[in-house]
Each structure stands twice: as C-alpha cells, then as structure tokens.
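Reader: Hi! I'm new to this one and would love a friendly walk through it. Could you put it up on screen first?

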Amino acid sequence: MKRFLKIFSITILVIVIVSIVALLLFGRNNHSNLSGSVSDKIDQYLTNEKFQGTVLIAKEGEVLFTKGYGLATTDLPNSPSTLYQIASLSKTFTAVAIMQLVEKELLNLDNPISQYFPDFPNGESITISQLLSHSSGIPDYLKADFKFDYSKEWNPNDIVQTVRDSELEFTPGKSFSYSNTGYVMLGLIVEKVSGQSYANYIEEHIFKPSNMINSMFTVSAGIPKAEGHVKGEVGPLMHNSAAYAAGDIISTAEDLELFDRALRNNLLISKETSELMSMTHAQKFPNQYGYGWYTHDVMGKKAVGHPGGYPSGFRHYVTRLIDEDLTVIVLSNEMTVNSKKINRNLTSIVLQQPIWIWEEKF
C-alpha cells in the first residue's frame, strides 16, 4: 500500500509539473502567441522596413505579438508601454463618447448642430451623424487654406471659428470630406451634454472602464513620451491643444489594445451600437467612413480602421478585423513610415497570406 501511494504521489507530481511547463510554453489557449516562424517573419519584416515605433497584434483577447523598434527619444527605446501622441486615433474615442450619450438618450444622431452651436452658419441643416461620418461639408481647419498655427495654445471654440465664415464644401449628407473641425465640434457637444470637460469625460467613461491607466491628455513632468521625428530629425513643435477631440489623446500600444478589448466585450457601448459605428455612413471613392472608423475589407474580410498622424512626426494605423477578432496596432514616431502599408502587411503575415507589393494608388 505504501509503495502504491508513493508511486501515485510521484505520478501526480509529474502530471502537475508537465501541466505547468505546458502552460508556460503554450499559454492558456492557441492564441497566446504566434508560431515561431510567423513571429520571426513579422520581426524580420519590421527590421527590413527599418520600422521605428511599436507594433501590437491581438486576437481573441490574447496578445500574439508586441515589440518596440528604434528610439522613442535619444535615450529611450520604443516599447509597448511607450507613450505616443495618437493623433486621429483619438477620433474613435470621441465617436464612442457621442454614442454613449446617444445610448443614454441625452442626444440624438439626427439632432441639428444648431442646438449646440446656434450661431454656426447652416447649423440647422447639419446633423451630429454627419459630423461623425465626415459628411457635414464643414471645411477642415487643418487644410493649408487656413494657415493654422500648430505651435500656440488653442481654445476649441476658437478652432471652430477659424472656418465659421467659409462655405460648405458640399450639401450636408451628400458626400465625404475628412474634417477635423467636425470632431472638434463633437468634443464640444460632449462637454455641453455631459456637463464635464471633454478630457474628464473620456477619462471617466472610457479610460477608467477599459483599465487604460497609461492614457492621458497631458504628461506630467518627468514622465517620458515619444518624440516625433521627420526624416530622423525631431519634428516641429505642436501644442497639445491644437487638435482637441480630433486628436489630443496620449496613449500606448498596450492601452489601445485594452480599448479594443473593451469595445469587443461591449463594456463601453452595446454590440448594436458598435455595429452601427462599423457601418458605412459616408463615402467618396476610395473612402468609406462609419462613425469614428474607416470601413473597408482586408483580404475579403470585414474590417474597420483608422490612421493617425501629426506633422510633428507621428504616423499610426489601427486595423480591426471584425469576424476574425484580430487587431493590428502600428504606432510610429517617424513621419516617413507608411504605417498603413506596414499594418496591412502584418495582417497578411498573421493570416498567412502573401506580403503585398504595396502601391499607393490614391
């Protein structure tokens, strides 16, 4: 009997050890990491591209690959926890904030913006939905015609005033034209409806429930963040108020994956609202746009995505394959990096498709 118990105990111990080793090597499920060959192919591709920034790839709630390349600052390597100005990736946060207020029945997508900007020309014929989908016809204050000064501090109401007297580019709802102005106006609507500052609303209703503890609007003294570069040189000064709800958020690749996960788990908005955001609401070839997302197919699979860029030297791209539950995040602090191309080719590698011979046709 004692011999049997000894053998039984040894057997149980071996099983436990093997189980622990298997868990460490293979993770909790098949998506805990990529196969060595795929991971190596991704790393080799990014190295060959001389990529500078951070990549994170996640599928079904598991991070498959994440790594930083090059330098964030002179003495700081890029990493998954590096802070970046995420620029227009912020627009998705603004759109989610608006949709949260819609779900609470505090506003309606068909509300005319004259309810919130009573003196804005044509405000009675422009809706919140059209601001969200870039189909309002309101000119983009960042276009060269307006000679916008990025370097000074801006009040968002003053940003809106820069285009107030300009003609609409088209009849509202009849076309698509990317407008940062529209998203600045959406941020002001969030403030007017919620009674909170835009930054406080995003922090309380998006960052906090998503557990995004490393996302913010201003960086405290002594905390390092990535410097933007243009052809290897530090980019021009851009004040952090120059984009407001169109692009002022500072975040990390890790936190953006948490935001993606919160959306997929319906923690921030309902599944039905997420689907509404992912539908095409405005288009002008080759662009299709929903609410806070470009809508498109990637290798025949339904996807949404968004670019982000600052003239100070940042270029980002996020792609979310809806049915595959696959997200590819590319953040770069070098203006010459083609983050969209890199994002698509990383997606190709993960899906084990050929690398694209990339040509910008439009």
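Author: Sure, and one term before we start: buried means under 20% relative accessible area, exposed means over 50%, and partly exposed is in between, using a 1.4 Å probe and protein chains only. This is a predicted model, where local features need pLDDT of at least 70 and side-chain atom pairs count only at pLDDT 80 or more, while totals for chains, interfaces and linings use all residues. Residues are numbered from 1 along each chain as its sequence is written, and side-chain values use heavy atoms, with hydrogens and water left out.

Reader: Thanks! How many salt bridges does a search of the whole structure find?

Author: The search finds 12. A salt bridge here is a side-chain nitrogen of Lys or Arg within 4 Å of a carboxyl oxygen of Asp or Glu.

Reader: Which residue forms a salt bridge with Lys-59?

Author: That's Glu-324, and the closest N and O atoms are 3.7 Å apart. Lys-59 lies in strand β1 (residues 53-59) and Glu-324 in the loop between β13 (314-321) and β14 (326-332), so the pair ties together parts that are 265 residues apart in sequence. Helices (H or I, at least four residues) and strands (E, at least two) are DSSP runs, numbered from the N terminus.

Reader: And is Lys-59 buried or exposed?

Author: Lys-59 counts as buried, at 13% relative accessibility. Its partner Glu-324 is partly exposed, with a relative accessible area of 24%.

Reader: Where do Arg-261 and Glu-257 lie?

Author: Both are in helix α8 (residues 253-264), 4 residues apart, which is about one turn of the helix. Their side chains meet in a salt bridge at 4.0 Å, N to O, and both residues are buried.

Reader: What about Asp-260, which residue forms a salt bridge with that one?

Author: Arg-320 does, with the closest N and O atoms 2.5 Å apart. Arg-320 sits in strand β13 and Asp-260 in helix α8, so this pair ties together parts 60 residues apart in sequence. Arg-320 and Asp-260 are buried. There is also a network of salt bridges that links Glu-257, Asp-260, Arg-261, Arg-264, Arg-320 and Asp-325.

Reader: New topic: how many cavities of 30 Å³ or more are there?

Author: The count comes to 2. On a 1 Å grid over the protein atoms alone, a cavity is a set of points where a 1.4 Å probe fits but cannot get out, and lining residues have an atom within 4 Å of a point. Grid points are joined across faces, edges and corners, and a volume is the space filled by probe spheres set on the points.

Reader: What volume does the largest cavity have, and what lines it?

Author: Its volume is about 110 Å³. The lining has 13 residues, of which Phe-93, Leu-256, Phe-259, Trp-293 and Val-318 lie nearest the centre. The largest share of that lining, 4 residues, comes from α8.

Reader: And the second largest cavity, how much space lies in there?

Author: About 50 Å³. Its lining residues include Phe-120, Pro-121 and Asn-122.

Reader: Last one: which residues in helix α7 are buried?

Author: In α7 (residues 198-207), they are Tyr-198, Tyr-201, Ile-202, His-205, Ile-206 and Phe-207. Seen down the axis of α7, these buried residues fall within an arc of 160° (taken from the directions from the helix axis to the C-beta atoms), so they line one face of the helix.

Notes. 1 Å grid on protein atoms, 1.4 Å probe; cavity = no way out; pocket = protein on both sides within 12 Å on 5 of 7 lines; lining within 4 Å.
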